[in-house]
Amino acid sequence: ASGDRMVSALSANGEVVVRALNSSALIREMQKMHSTTPLPTVALGQGMVCSLLLASGRQTGVERFQLQVRGDGPLGMVTSIADGTGAVRAYCGNPQYPGTDMVEAIGGGTIAVLRSHPDPDWGGTYQGIVEIQHSRIPEDVAWYLDKSEQVRSAVAA
């Protein structure tokens with residue numbers, strides 16, 4: 001969205017990557033499109049930001065990341081899909097959920113990341129799944145990265 005931007009930095013030894021994303025306009029646009037109440041707005045915004053961070057640094061626009069927070073709470077599943085061009089979309093099961101507690105809204109379940117690439121030599125779609133540990137999307141994405149992809153990470157959104 002207009003005014004939003006992502007910046008990246010790499011440590012001198014190449015072992016640490018830092019990415020930051022200003023996504024205020026994107027989240028305002030999503031809130032208007034879906035008419036979400038505050039908690040679903042936060043959950044969808046966090047999902048969108050996490051998907052964009054996962055997709056950044058990949059082959060430009062080719063590889064796609066789908067993040068699914070498959071919680072059993074009243075918010076329902078939160079899904080966001082992003083690619084390396086910065087295109088992103090998201091939805092959740094209950095966009096007008098009136099609650100204020102994210103842990104309660106998400107509940108237990110699994111978090112899944114589906115990576116897809118159009119090149120048939122790439123092997124199609126890869127899916128990694130881990131149990132939800134925190135019922136907070138950024139922390140559970142970091143958990144996923146550690147347990148499924150063996151990438152130690154800190155994620156905030």
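A residue counts as buried when its relative accessible area is under 20%. All views below show a predicted model.

**View 1. G45 is a buried glycine in helix α2.** Its relative accessible area is 4%, and the cut-off for buried is under 20%, so G45 counts as buried. The partner shown with G45 is A90. The two residues lie 45 positions apart in sequence. In space, their C-alpha atoms are 8.4 Å apart.

**View 2. L39 is a second residue of helix α2, and L39 is also buried.** The relative accessible area of L39 is 6%. That value falls in the buried class because the class covers anything under 20%. Q96 is shown with L39. Along the chain, 57 residues separate L39 from Q96. Their C-alpha atoms are 8.5 Å from each other.

**View 3. Helices α1 and α2 cross obliquely.** Helix α1 covers residues 24-34, and α2 covers residues 38-55. The two axes come within 10 Å. They cross at roughly 130°. An angle over 145° would count as roughly antiparallel, and 65 to 115° as roughly perpendicular. The pair fits neither range, so α1 and α2 are oblique to each other. The passage of α1 over α2 is a right-handed crossing.

**View 4. S35 sits in the loop between α1 and α2.** S35 is not a glycine, yet its phi is positive, at about 50°. Its relative accessibility is 48%. Exposed needs over 50%, so S35 counts as partly exposed.

**View 5. Helices α2 and α4 pack with their axes 9 Å apart.** Helix α4 spans residues 137-149. The angle between α2 and α4 is about 30°. That makes the two helices roughly parallel, because angles under 35 degrees fall in that class. The crossing of α2 and α4 is right-handed.

**View 6. E139 lies in helix α4 and is shown with A43.** E139 has a relative accessibility of 34%. This value puts E139 in the partly exposed class, which lies between the buried and exposed cut-offs. E139 and A43 are 96 residues apart along the chain. Their C-alpha atoms are separated by 12 Å.

**View 7. Q150 is found in the segment after α4.** Its phi is near 55°. That is a positive value in a residue other than glycine. Q150 is exposed, at 59% relative accessible area, because the exposed class starts over 50%.

**View 8. The largest pocket holds about 620 Å³ of space.** Of its 25 lining residues, V17, R19, L145, S153 and A154 are the closest to its centre. Three elements give two or more residues each to the lining: β2 (17-22), α2 (38-55) and α4 (137-149). Strand β2 supplies the largest share, with 5 residues. By class, 16 lining residues are nonpolar. Another 4 are polar and 5 are charged.

**View 9. H117 occupies the loop between β6 and β7.** Strand β6 covers residues 109-116, and β7 covers residues 125-131. H117 is buried, with a relative accessible area of 12%. A154, one of the residues closest to the centre of the largest pocket, is included in this view with H117. H117 and A154 are 37 residues apart along the chain. Their C-alpha atoms are separated by 25 Å.

Key: Residues numbered from 1 in each chain as written. Predicted model: local features only at pLDDT ≥ 70, side-chain atom pairs only at ≥ 80, totals over all residues. Heavy atoms only, no water. Helix = DSSP H or I, 4+ residues; strand = E, 2+ residues; numbered from the N terminus. Buried < 20%, exposed > 50% of the residue type's maximum accessible area, 1.4 Å probe, protein only. 1 Å grid on protein atoms, 1.4 Å probe; cavity = no way out; pocket = protein on both sides within 12 Å on 5 of 7 lines; lining within 4 Å. Points joined across faces, edges and corners; volume = space filled by probe spheres on them. Nonpolar A, V, L, I, M, F, W, Y, C, P; charged D, E, K, R; others polar. Axes fitted to C-alpha atoms, helices over the stretch in contact; angles between N-to-C directions. Left-handed = near helix turned anticlockwise from the far one by under 90°.
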